[in-house]
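Work through the following exercises with the sequence and the model side by side. Each task is followed by a solution that goes step by step.

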Amino acid sequence: MDIVKDFILNFFLIFTCFFILIVLKFRLGQVSKLALFLVASLAVLFCITFPVRLDEDFIVDLRMIPIVAVGLYGGWPILASLMLVKVGYRFWWGGLGAYASLVIAIVMILLISYISYKFQSLSPRNRIWLSALIGIPVTILELLIVMFVFQHSIPLTIFISKLVLQTIGIFFFVLTWEMVITYKGLHERVLRTEKMEIVSHLASSFSHEVRNPMTTVKGFLQLMTDPKIDREKMNRYVSIAINEIDRAESIIKEYLTFTKPDSSENKTIDGRDLLETSVEVIRPLANASSISIILKNNHFIFEGNKQRMQQVLINLFKNAIEAMQSGGTLTVVAVTQTKWVKIIIEDTGIGMTREQINRLGEPFFSTKGDLGTGLGMMVVYHIIESMGGKIEVDSQVGKGTKFTLIIPSVGSTHQTDVDTTIISI
């Protein structure tokens, strides 16, 4: 029973070290030969330190699993280095087994170096099949050398146990490592594909959205070349062309805001003043849409870019107003807490489904159909997240939507300092 426990301990120590390699592979993408050598050396030292003892003078272990497995991938330089570690540590322990270890090292360097050269040129599938076979000759040679040096027979059960365990260990290492390599490669390809798809969507959307106002401008410029055109039409065409150019400029700004955030422009912002200013900006649109605005404003301070934060608020205000096509109420509330500020923007509009809420902030998704690009909400989410905040959305179809912006506050806040303003038409 002690022999079984010792073999299991060897297995556990080896694959604990192997797990380190898996973590390095996923974290760094590429494991250096130095990392392979250091981790395999650690596994070898563990195996020699905690061997399987058959009697007082005769011990075995599974050190060949990390040596063979890493040697197959690293080639003869790593293999020779591992053998030096193994032999040096074994001589430090002393005993006749150190000389057996030296002989085994010489034979294995020659054998595994040759196999490694062939191994690395094979396909992943063939490498796995080869690893299932390579443990057999390696283990038999190792045990024959040990028996020759010690002039000591090895019980058949121990012979078979070491042969099976060492062969399975090498096979399991190679199988798992090939799966890790394959998975990592697939993961990287998926990420590249997703990035290219995003770039493609951005380019397509940008081209589409900018082309529309440019086409309009081009058409009106062509109309303005008519020598018979009167002054009134000329002015109207110029006004429309300017509006379309402004719209194209707005689209470009939204893209730039998303792709090039600039934290160097962050300053301490008076939240109360920002909310009041933003409400004043949107009030004419609200009046034109028969919408009243209720502002419940606390005093709060936070750090950010004032212009971009105002852009967030106006985008959300504008979306709320557009969701209330038959009029309604837009409520804006600032709730201050110790470390956070909540800005709640609630409308009584058409509301959204759970699926629509889950897709908010995605590029090119809009609840406005052909009238929207989704860029506004994408920018809103990006700006809030870049500030270390988050957005919560609660909505019911036919009853309205509530956006809660949660952002870090700066300095002390006063829950009692509340100002309520009702702006109605």
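**Exercise 1.** State what share of the residues in this predicted model count as buried, and describe the overall make-up of the protein.

*Solution.* Begin with burial, for which the cut-off is under 20% relative accessible area: of the 425 residues of the protein, 42% meet it. Turn next to the surface, where the protein exposes about 23200 Å², with carbon and sulfur atoms supplying 61% of that area. Then count the secondary structure elements, which come to 12 helices and 10 strands. Finally, look at the contacts with a separation of 6 or more, of which 74% are between residues 24 or more positions apart.

**Exercise 2.** Find the largest cavity and determine which helices supply at least two residues of its lining.

*Solution.* The search for cavities of 30 Å³ or more gives a count of one, and the largest cavity holds about 50 Å³ of space. Its lining consists of Ile14, Cys17, Phe18, Leu21, Val39, Ala40, Ala43, Pro66, Val70 and Phe173. Placing these residues on the helices shows that helix 1 (2-28), helix 2 (33-49) and helix 3 (64-74) each contribute at least two of them, and that helix 1 gives the most, with four residues. As a last step, sort the lining by class, which yields 10 nonpolar residues, no polar and no charged ones.

**Exercise 3.** Decide whether helix 3 is mostly covered or mostly open, and say what follows its end.

*Solution.* Go along the helix residue by residue: 11 of its 11 residues are buried, among them Met64, Ile67, Leu72 and Tyr73. Pro66 and Val70 belong to this buried set as well, and both also appear in the lining of the largest cavity. Moving past the end of helix 3, one comes to Gly75, which has a positive phi, near 80 degrees.

**Exercise 4.** Trace how strand 7 pairs with strand 6 and with strand 9, and locate the partners of Lys342.

*Solution.* Start with strand 6 (residues 328-336), which pairs with strand 7 (residues 340-346) in the antiparallel sense over six bridges, the two being joined by a hairpin of three residues. Within this pairing, Val335 has Lys342 of strand 7 as its bridge partner. Now consider strand 9 (residues 400-408), which also runs antiparallel to strand 7 and is joined to it by seven bridges. Here Lys342 stands opposite Ile406, and the two steps together place Lys342 between Val335 as one bridge partner and Ile406 in strand 9 as another.

Notes: Residues are numbered from 1 along each chain as its sequence is written. This is a predicted model: local features need pLDDT of at least 70, side-chain atom pairs count only at pLDDT 80 or more; totals for chains, interfaces and linings use all residues. Side-chain values use heavy atoms; hydrogens and water are left out. Buried means under 20% relative accessible area, exposed over 50%, partly exposed in between (1.4 Å probe, protein chains only). Contact means heavy atoms within 4.5 Å. Accessible areas come from the Shrake-Rupley method with a 1.4 Å probe; for residues, only the protein chains shown count as cover. On a 1 Å grid over the protein atoms alone, a cavity is a set of points where a 1.4 Å probe fits but cannot get out, and a pocket is an open set with protein on both sides within 12 Å along at least five of seven lines; lining residues have an atom within 4 Å of a point. Grid points are joined across faces, edges and corners, and a volume is the space filled by probe spheres set on the points. Ala, Val, Leu, Ile, Met, Phe, Trp, Tyr, Cys and Pro count as nonpolar, Asp, Glu, Lys and Arg as charged, and the others, Gly among them, as polar. Two strands pair if DSSP finds at least two bridges between them.
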